[in-house]
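Work through the exercises below with the sequence and the model in view. Try each task before reading its solution.

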Amino acid sequence: MKKPCCFLLLALLTSVVLAQDIKFNSELDGYWTGALIRQGNSVQNFSVEFYEEDDTLRSACHITDWAYYSPKIGVVKQEGRVVTIESDYGPMTLLLDSAYAEMVGKANFAPVHLKKGLRPPRRVTVEEEVKFDLGDITTYGRILRPAGKGPFPTLILVAGRGCERVSTFYEKEELLTQYGVAVVTYEKRGTPRTGFPCEKTTMDQHSADLARVTEQVAKNRFVGKLGYMSGSAGGWIAPKAAAETRAGVDFMITVAGPSTSVKQQQIDCSIYYVRDELGLDQNAIDEAVQFCELEYSDEAPEVIYRKLMILLDSADVNGWRDVLEDSDIPASAEAIDQLWVRRNRYDPAADFKAFRGPFLSILGGDDFVVPYRENIARFKEIFTAAGKTNYRIVVLPSAGHGMEHWHTNRDLGFERSIRQWYTYWKFDRVAPGAMDEVIAFLRDYGFIE
């Protein structure tokens, strides 16, 4: 009586086996990890995702250390075993070992080794294009958030000086969503789609715009605790908007954002840049500072313009003109009031004092635009006066205003204890801590797990 049952079980097992696919996993399709190698002791890790799109094999090459930047997308060229993909270092030519799913080759100045492997787990995300009503104009934005109902801690990213597009931030958005954060970006007033001229924007307008965006974002059901993450001059806009908006701002992060007034930041930047970056003498420093002071002068426009032009001639002779932005130089006496600094007179002290939520400031040790010594001193002065203790200030050694370290050949010299002399090639990278400190801050204050 048992034999028919055994036969039936065997038949079922056979049908299951026959229904399964047989696959030789040696194709390019999939996720690969590897490194650029230089001088035998220096690597820069990266990953490559191979995928089909419009019947074309493409690659997305992402350098792990470049936490701010999107992958390099390109069409894959393959001739036999030779595979060529696009990378941030130019074309990467590789030789495929299909038996073990590995590749070796070269990109510009560095040998390369890649292995096919397991794609890291990632949260499923939802992307939504949105419009924001700014009163007199409409602007456009994007929400990238984890899938699900939430609520999620939500960050509005605030751009710095100028009129940046949404796409500037995409890799930061992607990274933050993987930690359970919803991220909102929007085009600042002055981008082409807003129909407002960038050269006529003011900090008052930008902060009022951010206040309106905040109120509209806060109405979404997925929003939990709501905060700002700003960069550079966005560090002025964020506290001003937090003081103006009717929605609650629970926390704030500034990256290379000033605590000083616009005027003082311009003066500090001029001193550091002329002295440390250009290596010029005290006379050049004094002239650059005098130029800053004149930009704020209450004298007649004709007088200010004449004095500025005399200093500008001296800047060409003495070599400090590079410290000036185009928006720092008036085209005429009538254009004096259109100077960026005159349109944006602001001191953030009162608004920082009024902000009660947790606050993080990340400053660069080599940032001449927002020098850390002066800004730490001002932050401490402001927060001490306000009795504020829920703040954190982090300085990243050797990081510039963009929070990066560039390529350089490092000589560590002779270490007597191990009797070795070491040199290595330091690859370009986003400074360690630029995003790590953000995640640590959000976790320590209970916004993410």
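**Two helices and a sheet**

Helix α5 is followed by G279, which has a positive phi, near 65°. Helices (H or I, at least four residues) and strands (E, at least two) are DSSP runs, numbered from the N terminus. The model is predicted, so local features need pLDDT of at least 70 and side-chain atom pairs count only at pLDDT 80 or more, while totals for chains, interfaces and linings use all residues. Residues are numbered from 1 along each chain as its sequence is written, and side-chain values use heavy atoms, leaving out hydrogens and water.

**Exercise 1.** Find which residues of α11 are buried, and explain where they lie on the helix.

*Solution.*
1. Buried means under 20% relative accessible area, exposed over 50%, partly exposed in between (1.4 Å probe, protein chains only).
2. In α11 (residues 436–444), V438, I439, F441 and L442 are buried.
3. Seen down the helix axis, these residues fall within an arc of 160° (taken from the directions from the axis to the C-beta atoms), so they line one face of α11.
4. On the other side, D436 and D444 are exposed.

**Exercise 2.** Give the order of the strands in the open sheet, and explain why β10 and β17 each have one side without a neighbour.

*Solution.*
1. Two strands pair if DSSP finds at least two bridges between them.
2. The order of the eight strands is β10-β11-β13-β12-β14-β15-β16-β17, with mixed pairing.
3. β10 (125–133) and β17 stand at the edges with a single partner strand each, so one side of each has no neighbour in the sheet.
4. Inside the order, β12 (residues 152–158) pairs with β14 in the parallel sense over six bridges, and L155 stands opposite G227 in β14.
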